[in-house]
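Welcome! Here is a short, friendly briefing to read alongside the sequence and the 3D view.

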Amino acid sequence: MYDTLARIEEQLANSELESLRRTYIATRSKFLERAVAIEAIPGFWSTVIDEAPPEIDERIQPRDVAALSCLIGVDVERFEVQDADHGEPRSVKLKFTFKPNEWFADEHLEKNFYWRMSRHGWSGLVSEPVGIQWRNLDLTEGLLDMAVKLRKKEEELYGSGQTRDDAKSTEEFKTLVEKIERTPQDAISLFAFFGFRGHDISARESEEAALRKRRLAEGADQWKEMDKESPPLPDTEIYPHGEEVAIAFCEDLYPGATHYFSMSGACQTKV
């Protein structure tokens, strides 16, 4: 009985993924058309951010507001989708476009989120830290730069055959952990979102875990064994809410942008 239920749940999950792929393929060109239309509406995205859902709005610090007012474009790409039957549709690329401003030199800020599954059964979004070319004021107060430096150091170490434990003994690791411990979570800039990493799960581990889950779905006890709660994030995670914010952008604010714009009442005077 339970193995039948497990197989049905697996089939339902696969159907949902297929539906997400097909919806993305069918609507992508329309969202690109919408982006062109939005370009003719001054202040569209900054107005949308003002009306953002709580998952985003509650993470915006007062010092972020002026920089976010320079936002002129948002795009979501499900970059691993190949066609209606192939590719992980839950992996997403978020692309933000800003007009020239006094806070950073970047015109575009892009961040990839990969849907991964751990060997213990946890699944969700992971990413790599993305640096920002700050001008005078670092809105993250050093957190983002530290996260980027640590990741570069890790890559150097791993490339020479060293391990995660070796990375923990580096000055970059210790400095970042100390900075995180001194920084109140409710005071972290939304721009620290670009430093979110999540759990350290490789593509290979994720593929092996997904295969194991499909095989274990044949037995109820084994299937339940894979159903684990999310483990704690690493000590060097500068933005614990990163997955929640990414999902809010991709599944709420971006597709519902016109709705949020109309909520502000701005469309009565700007459209």
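Phe113 stands opposite Ser127 in strand E4. That pairing belongs to a predicted model, in which strand E3 (residues 108-117) and E4 run antiparallel and are joined by five bridges. From there, the points below follow the chain to a loop and then to a charged patch on the surface.

**The E3 and E4 hairpin**
- Five residues lie between the two strands of this hairpin.
- Gly121, in the hairpin of E3 and E4, takes a positive phi near 110°.
- Strand E4 covers residues 123-127, and four of its five residues are buried, so E4 is largely enclosed by the rest of the structure.

**The loop after E4**
- Glu141 sits in the loop that links E4 with helix H5 (143-159).
- Although Glu141 is not a glycine, its phi is positive, at about 55°.
- Glu141 is partly exposed because its relative accessible area is 48%, and partly exposed residues fall between the 20% limit for buried and the 50% limit for exposed.

**A negative patch on the surface**
- Which residues gather in a patch of negative charge on the surface? They are Glu171, Glu178, Glu181 and Asp235.
- One of them, Asp235, is found in the loop between helix H9 (220-225) and helix H10 (242-253).
- Asp235 has a relative accessibility of 57%, so this residue counts as exposed; the cut-off for that word is over 50%.

Note on methods: Residues are numbered from 1 along each chain as its sequence is written. This is a predicted model: local features need pLDDT of at least 70, side-chain atom pairs count only at pLDDT 80 or more; totals for chains, interfaces and linings use all residues. Side-chain values use heavy atoms; hydrogens and water are left out. Patches are made of residues with over 30% relative accessible area and no salt bridge: like charges are joined within 9 Å, nonpolar side chains (Val, Leu, Ile, Met, Phe, Trp, Tyr) within 5 Å. Accessible areas come from the Shrake-Rupley method with a 1.4 Å probe; for residues, only the protein chains shown count as cover. A salt bridge is a side-chain nitrogen of Lys or Arg within 4 Å of a carboxyl oxygen of Asp or Glu. Lys and Arg count as positive and Asp and Glu as negative; His and the chain ends are not counted. The place of a charge is taken as NZ of Lys, CZ of Arg, CG of Asp or CD of Glu. Buried means under 20% relative accessible area, exposed over 50%, partly exposed in between (1.4 Å probe, protein chains only). Two strands pair if DSSP finds at least two bridges between them.
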